[in-house]
Amino acid sequence: MPFTVKALQKSGPDQPFRVANIERRDPRPDDVLIDIKAAGICHSDIHTIRNEWGEAHFPLTVGHEIAGVVEAVGTDVTDWEVGDRVGVGCLVNSCGSCQECRAGQEQNCLSGNVGTYDAPDVDGTITQGGYAQKVVVNERFVCRIPDALDFDAAAPLLCAGITTYAPLNRWGAGDEKDGAPKKVAVLGLGGLGHMGVQIAAAMGAEVTVLSRTRKKEQLALDLGAQQMLATTDDGFFEDHRGTFDLILNTISADIPVDRYLSLLAPRGVMAVVGMPPAKQELSFGSIIGGGKVLAGSNIGGIAETQEMLDFCAEHGLAAQIETIGIEEADATYDRVVAGEVYFRAVIDTSTFEGAQPV
């Protein structure tokens, strides 16, 4: 039988969070029931629940950076046991049989994947996310959290970690060029960017952070960057033309795309993981000249997500976080939008204890 758990829910884009009872399905034979210990706040959650990416299904619980412990497993589950430390990211299902799924790219499922929240689920309901006490997930979409990673610091890796790891891995950030480390620029030092810096540095790249100012310079250096450059400095684009082999663009704001592409060396790549709300202008000449690549990247497959978690544990990488209680969610959303959270906020789900649903 379905069961209820406490969760943070909004009844509309302009409404405050409230504690509510939401329904979870009774675990099917191939499902895993997870007791959630920590849930990261991603800017995607904010975009979704504020209707900035289209009309959401309300009432809605968001959250796709989930870390916890297996509480129960379905009768057909063989890879997971009660007590396992696990995580769930942006996906909770896909067809499993199309070319993309078979290639381990479930995020590109040709039949349409099932998002962790605000998506039609296999039982016809709308998925509800991880700002909750428990979640039921198909076993194929569960990852193991290594013992070296604390739940709260690991939770953001399930989105921010894989979103930056996948393009850095695909475009060879750790490869050498002419016998030297590749020069990788991370555009933006927020929730995504701070993970991109750590991962690129651990891969062996020479990392530069690009930001409007040098306000976060010491933070960038502490995370593993060799330098930070201010894009608003006079002559910045002229002085650094053709410098970088790979630019990881993590920002969700309007930028002069052509000017940033000029920073790439011939055959360089700009991998875009930030999604601004407005269309961006581009001249094809900016990529034709020098044979450059402008590429998009959307999270990663489940196997690569596990690879990322293991990589972070091996290299001692984790999200830089602040932990909040459920009563701080609304204020934290405003602080995330204002750029005041360095670098990721994570909900301590133990704070649901004693809260009364309304």
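Aspartate 45 sits in helix α1, which covers residues 43-49. The model looked at here is a predicted one, and this aspartate is a handy place to start. Is aspartate 45 paired up in a salt bridge, or left without one? It turns out to be buried with no salt bridge at all. The nearest side chain of opposite charge belongs to arginine 344, and that is 7.2 Å away. A salt bridge would need the charged atoms within 4 Å, so this pair doesn't count as one. As for company, aspartate 45 touches Gly40, Val62, Gly63 and His64, along with three tyrosines, Tyr117, Tyr131 and Tyr333, leaving aside residues up to four places away in sequence.

Next comes helix α10, made of 14 residues, 302-315. From its first C-alpha to its last it reaches 20 Å, close to the 20 Å expected at 1.5 Å a residue. Which of its residues are buried? They are Ile302, Glu304, Thr305, Gln306, Met308, Leu309, Phe311 and Cys312. In an α-helix there are 3.6 residues a turn, so residues three or four places apart point the same way. The buried residues of α10 pack against β9 (143-144) and two other helices, α4 (160-170) and α5 (193-203). Just after α10 comes glycine 316, with a positive phi of about 70°.

Out on the surface, Leu282, Phe284, Ile288 and Leu294 make a nonpolar patch of about 410 Å². One of these, leucine 282, lies in the loop between β16 (264-272) and α9 (285-288). Leucine 282 is partly exposed, with a relative accessible area of 35%. Patch members need over 30%, so leucine 282 clears that cut-off.

Technical notes:
Residues are numbered from 1 along each chain as its sequence is written. This is a predicted model: local features need pLDDT of at least 70, side-chain atom pairs count only at pLDDT 80 or more; totals for chains, interfaces and linings use all residues. Side-chain values use heavy atoms; hydrogens and water are left out. Patches are made of residues with over 30% relative accessible area and no salt bridge: like charges are joined within 9 Å, nonpolar side chains (Val, Leu, Ile, Met, Phe, Trp, Tyr) within 5 Å. Accessible areas come from the Shrake-Rupley method with a 1.4 Å probe; for residues, only the protein chains shown count as cover. Helices (H or I, at least four residues) and strands (E, at least two) are DSSP runs, numbered from the N terminus. Buried means under 20% relative accessible area, exposed over 50%, partly exposed in between (1.4 Å probe, protein chains only). Lys and Arg count as positive and Asp and Glu as negative; His and the chain ends are not counted. Contact means heavy atoms within 4.5 Å. The expected span of a helix is 1.5 Å times one less than its number of residues.
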